[in-house]
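The following walks through one protein model, going from overall figures to individual strands and then to the cysteines. Please keep the sequence and the coordinates at hand while reading.

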Amino acid sequence: MLRPLIAAFLLLVAGAVPQDKPVDPNSFPKSTVALAEGLSFADNLTLRAPKNFLRDYAARADGGLVNAVVEIPCGACEKWEVKLDGLMHWDMKDNKPRHVKYLGYPCNYGMVPRTLLGKELGGDGDPLDMLVLGPALPRGTVAPVRVIGVIHLIDAGDKDDKLIAVPKDSPLASANSVEQLDELFPGITTILKAWFENYKGKGKLQCGGFAGPEEADKLLTAAMQSFESAEQAKAHDAK
């Protein structure tokens, strides 16, 4: 009785038992969300872009602005992300492209190039997230924006803080801080807090409030340093 079980176990350890087949990206429908000019699909789950989103753009732009890469346009529900390879992929969950099962994103959601919210910062090791307020921007847009604050979030025990920014030519650009945003455009931070605390399900994510541009700049600088440290370590390991 034991021999068949032992044989099956040894086959499994040796890798002889067939594993699940890799997911075919083109077996899923292609996204119909608008793309920025110059982008196309490498396959149905990956964008083809002329530049690496993570490494080929600077974090800071001219005039005190910061570059934001839009992964999810305002109103969309498809969860796309720039991964550590610098490509933009449709995030997968249970071997299926991920859709947010809630209201669409209340703002443009993206990341800052050449940043990481590293483990040493209490983060998840992914690029630093950016919320760009205002009308929807096409997926893959790289836009210089003005950072006015940060929203503090905890996701599964990891710090998941996100910068809050406004496009320089937006009516919202009259706000220079989160406090001014609340004064001039009441309700926006309330919407952001409610959305992030509920879009994954009640109690899955906690909001610890908001902070102003000074704390946002400190977070950005730390995330830039975390990225450079990770790149240096990778280069050293490759020698």
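The accessible surface of this protein amounts to about 12,900 Å², and carbon and sulfur atoms supply 57% of that area. The model is predicted, and the figures given here are computed from it. Of the 239 residues, 42% count as buried. Along the principal axes, the C-alpha atoms fill a box of roughly 75 × 45 × 40 Å. The charged side chains divide into 27 positive and 31 negative, and the centres of these two sets lie 6 Å apart.

The secondary structure consists of four helices and 13 strands. Among contacts with a sequence separation of 6 or more, 66% are between residues 24 or more positions apart. The strand pairings below show some of the elements that are brought together in the fold.

A useful starting point is β12, which spans residues 162-167. How many of the residues of β12 are buried? The count is six of six, so the strand is mostly covered by the definition of buried as under 20% relative accessible area. In a regular strand, side chains alternate between the two faces of the sheet. In β12, Lys162, Ile164 and Val166 point one way, while Leu163, Ala165 and Pro167 point the other way. Residues in both of these sets are buried, Lys162 included.

Two strands that pair with β12 can be described next. Strand β9, residues 129-132, pairs with β12 in the parallel sense over four bridges. Within this pairing, Leu131 has Ile164 of β12 as its bridge partner. Strand β10, residues 142-155, runs antiparallel to β12 and is joined to it by six bridges. Here the bridge partner of Val145 is Pro167 in β12.

Strand β9 is itself covered on both faces. Asp129 and Leu131 lie on one side, Met130 and Val132 on the other, and all four are buried. Besides its parallel pairing with β12, β9 pairs with β8, residues 108-111, in the antiparallel sense over four bridges. In that pairing Gly110 stands opposite Met130 of β9. Strand β9 therefore has a parallel partner in β12 and an antiparallel partner in β8, where pairing requires at least two bridges.

Away from these strands, Asp24 is found in the loop between α1 (2-13) and β1 (40-43). Is Asp24 buried, partly exposed or exposed? Its relative accessibility is 44%, so Asp24 counts as partly exposed. Asp24 and Asn44 are 20 residues apart in sequence, and their C-alpha atoms are 9.1 Å apart in space.

The cysteines come last. How many disulfides does the model contain? The count is zero, with a disulfide taken as a pair of cysteine sulfur atoms within 2.5 Å. For Cys74, the closest cysteine sulfur is that of Cys107, and no bond is assigned because the distance of 6.5 Å is too far. Cys107 also holds the closest cysteine sulfur to Cys207, but that distance is 13 Å, again too far for a bond. The surroundings of Cys74 and Cys207 can be read from their accessibility. Cys74, at 26% relative accessibility, counts as partly exposed, whereas Cys207 is buried with a relative accessible area of 14%.

Note on methods:
Residues numbered from 1 in each chain as written. Predicted model: local features only at pLDDT ≥ 70, side-chain atom pairs only at ≥ 80, totals over all residues. Heavy atoms only, no water. Buried < 20%, exposed > 50% of the residue type's maximum accessible area, 1.4 Å probe, protein only. Contact = heavy atoms within 4.5 Å. Areas by Shrake-Rupley, 256 points an atom, 1.4 Å probe, with all protein chains shown as cover. Lys, Arg positive; Asp, Glu negative; His and termini not counted. Charge placed at Lys NZ, Arg CZ, Asp CG, Glu CD.
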